[in-house]
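User: I'm new to reading protein models and would like to go through one step by step. Could you take my questions one at a time?

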Amino acid sequence: MTNESTQNEAAQDVANNEEVVNETEQAVEEQAVEVDAEVLSPEQEKINELELALAAAQSTVADQKDSVIRAKAEVDNIRRRAAQDVDKARKFALEKFAGEMLTTVDNLERALQSIDKEDEAQKAMYEGVELTYQGLISSLEKSGVTAVDPQDQPFNPELHQAMSMQEVPGVAPNTVIAVMQKGYELNGRLIRPAMVMVSKAPAVDTQA
């Protein structure tokens with residue numbers, strides 16, 4: 001065997017040895033990775049489970065928070081409606097009673113108009129009726145009942161009931177020229193309209 005052949009064989013052996021070494025190192029690295037994966041896999045799995053549990057808990061908390069907010073809003077609405085109902089009941093519970101008392105007020109007013117307060121014989125009677133009348137009006141006002149007396153005011157169909165219309169020189173049309181019966185409100189709600197006489201525009205003479 002020549003020297004050249006010997007050298008070639010030696011070189012081939014070195015190459016083969018290096019290839020074997022590389023394959024061995026690669027196999028060792030792969031085995032190490034597999035070992036690491038086997039060691040870390042349970043821990044990573046636990047971490048994943050905890051992360052999923054945390055996400056589920058956060059979602060549940062968010063849903064419960066929304067439910068609490070909605071429930072609170074509903075309770076507030078119920079409380080507000082109940083307060084409004086109580087307020088309305090308190091304000092208008094006397095509506096029927098006040099309406100009945102207005103008949104007494106009307107009678108006392110007519111009595112005062114029929115008594116001659118300048119007559120000494122009737123003066124004491126007038127003062128007694130006047131005192132009763134003022135006491136009743138004061139009690140009604142304390143309960144929220146107020147009079148609607150629109151004398152010389154513009155006619156308002158929401159508060160007044162026109163009983164008749166009449167031409168009155170120098171008075172603007174649609175003006176209350178007489179109050180036949182006062183109206184009354186209870187806490188801003190009309191319980192009886194005022195009965196009135198209203199002025200109207202002069203008739204236009206078409207014959208010329």
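Here are some questions and answers about this predicted model.

User: Let's start in the middle. Which residues have the most contacts inside the largest nonpolar core?

Analyst: As background, nonpolar side chains in soluble globular proteins tend to be buried together. Here the largest nonpolar core has 16 residues. Helix H2 (95-114), helix H3 (120-142) and strand S4 (183-186) each give two or more residues to this core, and H3 gives the largest share, six residues. The ones with the most contacts inside the core are Val-105, Tyr-133, Val-145 and Tyr-184.

User: Which residues is Val-105 in contact with, leaving aside its neighbours within four places in sequence?

Analyst: Val-105 is one of the buried residues of H2. What covers the buried residues of H2 includes H3 and S4, and those are good places to look for partners. Leaving aside neighbours within four places in sequence, Val-105 is in contact with Tyr-133, Leu-136, Ile-137, Leu-140 and Tyr-184.

User: How far apart are the end C-alpha atoms of H2?

Analyst: You can work out what to expect, because a helix is expected to span 1.5 Å times one less than its number of residues. For the 20 residues of H2 that gives 28 Å. The model agrees with this, as the end C-alpha atoms of H2 are 29 Å apart.

User: And H3, which residues of it are buried?

Analyst: H3 has 23 residues and reaches 33 Å from its first C-alpha to its last. Its buried residues pack against H2, S1 and S4. They are Tyr-126, Val-129, Tyr-133, Leu-136, Ile-137 and Leu-140.

User: What happens at the start of H3, and which backbone nitrogen does Asp-119 reach?

Analyst: At the start of H3, look at the side chain of Asp-119. One of its side-chain oxygens comes to within 3.0 Å of a backbone nitrogen, and that nitrogen belongs to Ala-121.

User: Now the sheet. Which are the edge strands in the open sheet of three strands?

Analyst: The strand order is S1-S4-S5, with antiparallel pairing. S1 and S4, for instance, pair over four bridges, and one of the links is between Ala-147 and its bridge partner in S4, Tyr-184. A strand that pairs on one side only is at the edge, and here those are S1 and S5.

User: At what angle does H2 run to S5?

Analyst: Neighbouring strands of the sheet are themselves turned by 35 degrees against each other on average, direction ignored. H2 lies across S1, S4 and S5. Its angle to S5 is about 50 degrees.

User: Is Ser-199 buried or exposed?

Analyst: Ser-199 lies in strand S6 (residues 194-200). Leaving out residues up to four places away in sequence, it touches residues including Met-165, Val-171, Pro-173 and Ile-177. Its side chain also reaches the backbone oxygen of Ala-172 at 2.6 Å. Its relative accessibility is 0%, so Ser-199 counts as buried.

User: What does Arg-80 count as, going by its relative accessibility?

Analyst: Arg-80 lies in helix H1 (residues 3-92), where a polar contact of 2.4 Å joins its side chain to that of Asn-77. Buried would need under 20% and exposed over 50%. Arg-80 has 46% relative accessibility, so it counts as partly exposed.

Note on methods: Residues numbered from 1 in each chain as written. Predicted model: local features only at pLDDT ≥ 70, side-chain atom pairs only at ≥ 80, totals over all residues. Heavy atoms only, no water. Core = buried A, V, L, I, M, F, W, Y, C linked by side-chain atoms within 4.5 Å. Buried < 20%, exposed > 50% of the residue type's maximum accessible area, 1.4 Å probe, protein only. Contact = heavy atoms within 4.5 Å. Polar contact = N/O pair within 3.5 Å; in protein donor to acceptor, adjacent residues only side chain to side chain. Pairing = 2+ DSSP bridges. Axes fitted to C-alpha atoms, helices over the stretch in contact; angles between N-to-C directions.
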